[in-house]
Amino acid sequence: MSSEQFYERMDVMHTYTIVVEPEEGGGYFVTVPALPGCFTRGSTVEECQERAVEAIEVHIAGLRADGEAVPEEVGVPQLLAVTVAA
């Protein structure tokens, strides 16, 4: 990749929603709904945000290396609750 291509990619910014879920043993598990397979963990919410940026960057680099398109978030995901008999 030429330096020109590198800087062109740096100009393209993407914003993604992350889902931060508490884990039973402590800490948090993070997923990125718009990027299936992109996840990370952290001890604090702030650490989760930092690690999510890294995970997203690596995930996008992998997509580009494989010649795949980088998904855009279509809309903000909604968190809904449902009640079931179990």
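The secondary structure of this chain comes to 2 helices and 3 strands, and the model in which they appear is a predicted one. Read from the N terminus on, the elements follow the order α-β-β-β-α. Of the 86 residues in the chain, 19% are buried, and the chain exposes about 6700 Å², of which carbon and sulfur atoms supply 55%.

**The sheet and its edges**

- The strands form an open sheet of 3 strands in the order 1-2-3, and their pairing is antiparallel.
- Strand 1 (19-22) and strand 3 (39-42) stand at the edges of this sheet, and because each has a single partner strand, one side of each is left without a neighbour in the sheet.
- From one strand to the next, the twist averages 25 degrees.
- As background, the strands of a sheet pair through backbone hydrogen bonds, and the pairing can be either parallel or antiparallel.

**How the strands pair**

- Strand 1 and strand 2 run antiparallel and are joined by 4 bridges, and within this pairing Glu21 has Phe29 in strand 2 as its bridge partner.
- These two strands, strand 1 and strand 2, form a hairpin with 5 residues between them, and in the turn Gly26 has a positive phi of about 110 degrees.
- Strand 2 (residues 28-31) also pairs with strand 3 in the antiparallel sense, over 4 bridges.
- In this second pairing, Phe29 has Arg41 in strand 3 as its bridge partner, while Val30 stands opposite Thr40 in strand 3.

**The two faces of strand 3**

- The side chains alternate along strand 3, with Thr40 and Gly42 pointing to one face, where they are buried, whereas Phe39 and Arg41 point to the other face and are not buried.

**Helix 2 and the nonpolar core**

- Helix 2 (residues 45-65) packs on the sheet and touches strand 1, strand 2 and strand 3, and its direction makes about 150 degrees with that of strand 3.
- The largest nonpolar core has 10 residues in all, namely Tyr16, Val32, Ala34, Leu35, Cys38, Ala55, Ile56, Ile60, Leu63 and Val70.
- Ile60, which is one of the residues of that core, touches His14, Tyr16 and Val70 when residues up to four places away in sequence are not counted.
- In soluble globular proteins more generally, nonpolar side chains tend to be buried together.

**Contacts along the chain**

- Among the contacts in the chain with a separation of 6 or more, 29% are accounted for by residues that are 24 or more positions apart.

Technical notes
Residues are numbered from 1 along each chain as its sequence is written. This is a predicted model: local features need pLDDT of at least 70, side-chain atom pairs count only at pLDDT 80 or more; totals for chains, interfaces and linings use all residues. Side-chain values use heavy atoms; hydrogens and water are left out. Two strands pair if DSSP finds at least two bridges between them. Axes are lines fitted to C-alpha atoms, for helices over the stretch in contact, and angles run from 0 to 180 degrees between N-to-C directions. Contact means heavy atoms within 4.5 Å. A nonpolar core is a set of buried Ala, Val, Leu, Ile, Met, Phe, Trp, Tyr and Cys residues joined through side-chain atoms within 4.5 Å. Buried means under 20% relative accessible area, exposed over 50%, partly exposed in between (1.4 Å probe, protein chains only). Accessible areas come from the Shrake-Rupley method with a 1.4 Å probe; for residues, only the protein chains shown count as cover.
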